[in-house]
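Thanks for sharing this one with me. Here are my notes, in numbered points, so you can follow along with the structure open beside you.

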Amino acid sequence: MFDLAGLEDAHGVVARAMGPTPQYRWPTLCRSVGCEVWVKHENHTPIGSFKVRGGLVLFDELDRTGRLPERIVTATRGNHGQSIPFAARRCGVPVTVLIPRGNSVEKNEAMLGWGAELVEVGDDFEEARMEAERRAAAGEAYYVPSFHPALVRGVATYAHELFEAVRDLDTVYVPIGMGSGICGVIRTRDLMGLSTEVVGVVAARAPAVARSVAAGSIVTTDTSDTFADGMAVRMPHAEAFEVIRRGAARIVEVSEAEIAEAMCVLYRSTHNVAEGAGAAAFAGLCQEGARRAGRRVAVILSGGNVDASVFRTVLAGDVP
């Protein structure tokens, strides 16, 4: 995917738009789980999600190679759809973002705020993605998928920050959507010669990646009905699957109730807002807490973009 030189180049690109995000050791989280817990706060980026890193690197690559398109089309449930217009507006490229019906109201508003044109298509991410690919094939725009080598290289910069700041991590828990985040963590770990195990976390109601790894080949699901929209994927990306299959120690499935409880614990312990996918890594750690006793562990809080109505439901002790 990339080498150390490519990763260092990506750091420079990202640094022109934002500083490193913090990683904190929160004592109350450590007590609740029984191990040393570090949280990588990717909710502290300009768009509230790790995805911004990938968009910046992709558009820098397109610009430097003289391949900036006249228009972009992409599909999203929200954070990728903020990253692309955030980066594209710096280059003056208009972006059309396809979203499924019933998408997050506040993520939609954020995408509009960054200058995207929003179009509702289908009932889930896969239907929106297929329409984006159709429009690109028809010559309407240049398609940017949710998984792309430049995107992975960009988001991998958070892994490098974490591994440089916190040495000798035993395990890192990473949420999985289309896979750019976990693939960036795996590749960075390998390039740095570390022995840290990487554990992927998926929603039990969107288990396509977990089932694929268990089967050793791509498995799709009919639905991905989870309120953690950043993980609502029915079809794994083939390249991401291969990286995950070879490089992840295991995949943990977390329930909707576990995700909601993790959001509550993170808020009570750190006063950080985590969206469903952002809290999933901590939910995975909580599920495996007994086997992590006494170890040094990190969780990726990948984003904090959750609708207020959903967060109110979670804080009230209910599951959206």
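1. Let me start with a single side chain. Glu 131 has a relative accessibility of 17%, so it counts as buried, because the cut-off for that label is under 20%. Keep in mind as you read that this is a predicted model. Glu 131 belongs to helix α6, which covers residues 125-137. Leaving aside residues up to four places away in sequence, Glu 131 touches Leu 98 and Val 121.

2. Next, the sheet. What is the order of the strands in the open sheet of four strands? The order is β5-β4-β3-β6, and the pairing is parallel. β5 and β6 stand at the edges with a single partner strand each, so one side of each has no neighbour in the sheet.

3. Strand β3 (residues 72-75) deserves a closer look. In a regular strand the side chains alternate between the two faces of the sheet. Here both faces of β3 are covered: Ile 72 and Thr 74 are buried on one side, and Val 73 and Ala 75 are buried on the other. If you have the structure in view, colour these two pairs separately and you can follow the two sides along β3.

4. Now for the partners of β3. Strand β4 (residues 95-99) runs parallel to β3 and is joined to it by four bridges. Thr 74 has Val 97 as its bridge partner in β4. To get from β3 to β4 the chain passes through helix α4 (residues 79-88), and this β-α-β crossover is right-handed. With strand β6 (residues 142-143), β3 shares two bridges, again in a parallel arrangement. The residue of β6 that stands opposite Val 73 is Tyr 143.

5. At the other end of the strand order, β4 and β5 run parallel and are joined by four bridges. Leu 98 stands opposite Val 119 in β5. Leu 98 is also one of the residues touched by Glu 131, so you may like to display the two together with the reason for the label in mind: Glu 131 is at 17% relative accessibility.

6. On to the aromatic residues. The count comes to four aromatic pairs, and I picked out two. In one of them, the rings of Phe 86 and Trp 114 have centres 4.8 Å apart and planes at 85°, so the pair is edge-to-face. Phe 86 sits in helix α4 and Trp 114 in the loop between α5 (105-113) and β5 (117-120), so to speak a link between distant parts of the chain, 28 residues apart. Phe 86 is buried at 7% relative accessibility, whereas Trp 114 is partly exposed at 23%.

7. The other pair is made by Tyr 267 and Phe 311, whose ring centres are 5.6 Å apart with planes at 85°, so this pair is edge-to-face too. Tyr 267 is in helix α11 (residues 256-270) and Phe 311 in helix α13 (residues 308-315); the pair links distant parts of the chain, 44 residues apart. Tyr 267 counts as partly exposed at 31% relative accessibility, while Phe 311 counts as buried at 10%. A ring with a charge over it can be found elsewhere: Arg 187 lies over the face of Phe 2, at 5.9 Å from the ring centre.

8. A word on the cysteines. How many disulfides are there? The count is zero. Cys 30 is in no disulfide, and the nearest cysteine sulfur, that of Cys 35, is 6.9 Å away. For a disulfide the two sulfur atoms would have to be within 2.5 Å. Cys 30 is buried, with a relative accessible area of 10%. Cys 183 also counts as buried, at 0% relative accessibility.

9. Helix α9 (residues 208-215) has Ala 208, Val 209, Ala 210 and Ser 212 buried. What do the buried residues of α9 pack against? They pack against β8 (197-203), α10 (238-247) and β9 (250-254). Just after α9 comes Gly 216, with a positive phi of about 80°.

10. Last, have a look at Val 13 in helix α1 (residues 4-15). Val 13 counts as buried, at 7% relative accessibility. Not counting residues up to four places away in sequence, Val 13 touches Leu 56, Val 57 and Asp 60. The C-alpha atoms of Val 13 and Leu 58 are separated by 9.8 Å, and these two residues are 45 residues apart along the chain.

Definitions and conventions. Residues numbered from 1 in each chain as written. Predicted model: local features only at pLDDT ≥ 70, side-chain atom pairs only at ≥ 80, totals over all residues. Heavy atoms only, no water. Buried < 20%, exposed > 50% of the residue type's maximum accessible area, 1.4 Å probe, protein only. Contact = heavy atoms within 4.5 Å. Pairing = 2+ DSSP bridges. Right-handed = clockwise from strand over helix to strand, strands pointing away. Phe/Tyr/Trp six-rings, centres within 6.5 Å; stacked < 30°, edge-to-face > 60°. Lys NZ or Arg CZ within 6 Å of the ring centre and 35° of its normal.
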